[in-house]
Amino acid sequence: MKCVLLYFIAFCPFVVYCQEISNTNFGNSYKKGYNIFTLSYSGQYYKDNKSVRYNNPTLHNSILPENTIGHNWAGQYERVTRHGLVLSLGLSRGVRNYNISVYQDLSNYDNEALNSLKNAFFSDNTTLAAKYWGYRLMLGYKKQLSTKISVTGKVGIEFKTFRNGLWDNSEYNIAYQTDDGLTQKRSEFVNLEKKFGDNFEDISNSRINTFEFYLGVERYINMRFLKNITIGFEANRNWWMWLNDGEMIIFSKKSFGENMSKSGTFYDRNISFGLRIGVGIWR
């Protein structure tokens with residue numbers, strides 16, 4: 001991402017110089033409305049560490065998601081009217097990363113085995129680079145500040161379909177000896193349901209829909225194969241912030257002899273913030 005930024009920073013003065021020599025009146029043509037095709041790249045920061053809800057307060061902090069970095073490539077066709085209204089249709093390809101740990105202390109799981117289970121714990125880690133295709137529709141307004149510079153704000157939606165995933169339901173048991181040294185016990189204490197990305201058995205569960213926001217600055221160039229360069233801030237979030245069942249569910253019991261119950265759930269709210277850089281290559 002840093003390399004891409006440095007490239008555009010270094011390249012921009014040369015492009016501006018060529019534009020001023022080749023066409024000093026290019027900005028005037030934008031008053032008539034136009035169509036343009038752009039290619040762009042965005043580095044995205046996903047905010048996952050606040051996306052857990054607990055059903056059992058005593059097991060708080062048993063699900064530990066980390067914030068991750070993803071990215072997105074996109075191509076879009078854009079229509080800009082002479083009044084500055086913007087309609088964008090685009091196709092994107094991206095990677096959404098997950099990194100979620102599960103931790104449960106077992107030291108007090110059984111009062112008859114406090115010494116046997118001293119410092120005992122259960123841990124699990126889920127990492128996944130979920131790849132997806134997205135179809136994006138956005139509406140907005142472009143404000144021209146000069147013949148060469150404009151500011152654009154857009155809002156819209158994106159329909160994303162994952163191309164890989166991790167769907168799993170696993171039971172975990174513990175076998176231990178009581179402190180009297182005479183009794184062996186075995187118990188299921190955790191059940192993990194994971195539903196990330198593509199579900200090969202049910203395509204309807206392999207999609208996620210998001211609200212999109214973009215605010216950026218555009219510099220007109222009008223060279224033969226380069227019409228403009230853009231840089232802007234973007235953000236998105238899931239349509240449904242808290243789904244019915246979530247992406248990771250823990251069923252567990254805090255002590256021996258209890259019934260299994262839902263302890264907590266991780267929800268893919270898909271909240272992300274990014275920096276998008278783009279070039280207009282056809283007009």
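Which residue of β4 is the bridge partner of N35? Keep that question in mind while the model is set up in the viewer.

**Before selecting anything**

This is a predicted model, in which local features need pLDDT of at least 70 and side-chain atom pairs count only at pLDDT 80 or more, while totals for chains, interfaces and linings use all residues. Residues are numbered from 1 along each chain as its sequence is written, and side-chain values use heavy atoms, with hydrogens and water left out.

Colour first by pLDDT, the predictor's confidence in each residue, from 0 to 100. The chain averages 87, and 87% of the residues score at least 70. Select residues 1-29 next: pLDDT stays under 50 there, and the model has 33 contacts beyond four places in sequence for this stretch, a contact being heavy atoms within 4.5 Å. Where pLDDT is low, the predicted coordinates should not be read in detail.

**β1 and its two partners**

Select β1 (34-46) and β4 (68-80); strands here are DSSP runs (E, at least two residues), numbered from the N terminus. These two strands run antiparallel and are joined by 13 bridges, where pairing requires that DSSP finds at least two bridges between two strands. Within this pair lies the answer to the opening question, since the bridge partner of N35 is R79. Now add β14 (272-282), which pairs with β1 in the antiparallel sense over ten bridges; at L39, the bridge partner in β14 is V279.

**The open sheet**

Move on to the open sheet of five strands, whose order is β2-β13-β12-β9-β8, with antiparallel pairing. Its edge strands, each pairing on one side only, are β2 (52-54) and β8 (165-177). Neighbouring strands are turned by 15° against each other on average, direction ignored, with axes being lines fitted to C-alpha atoms and angles running from 0 to 180 degrees between N-to-C directions.

Starting at β2, show its three antiparallel bridges to β13 (residues 261-266), where V52 stands opposite F266. F266 in β13 also has M248 opposite it, and β12 (residues 248-252) pairs with β13 over five bridges in the antiparallel sense. At the other edge, β8 pairs antiparallel with β9 (residues 184-197) over 13 bridges, and Y172 can be picked out opposite V190 in β9. β8 and β9 form a hairpin with six residues between them, and G181 in the turn has a positive phi of about 75°.

**The cavity**

Finally, a search of the whole structure finds one cavity of 30 Å³ or more, with a volume of about 290 Å³. On a 1 Å grid over the protein atoms alone, a cavity is a set of points where a 1.4 Å probe fits but cannot get out, and lining residues have an atom within 4 Å of a point; grid points are joined across faces, edges and corners, and the volume is the space filled by probe spheres set on the points.

Of the 24 lining residues, select T38, Q76, K154, Y214 and R276, the closest to the centre. The largest share of the lining, six residues, comes from β10.

Notes: On a 1 Å grid over the protein atoms alone, a cavity is a set of points where a 1.4 Å probe fits but cannot get out, and a pocket is an open set with protein on both sides within 12 Å along at least five of seven lines; lining residues have an atom within 4 Å of a point. Helices (H or I, at least four residues) and strands (E, at least two) are DSSP runs, numbered from the N terminus.
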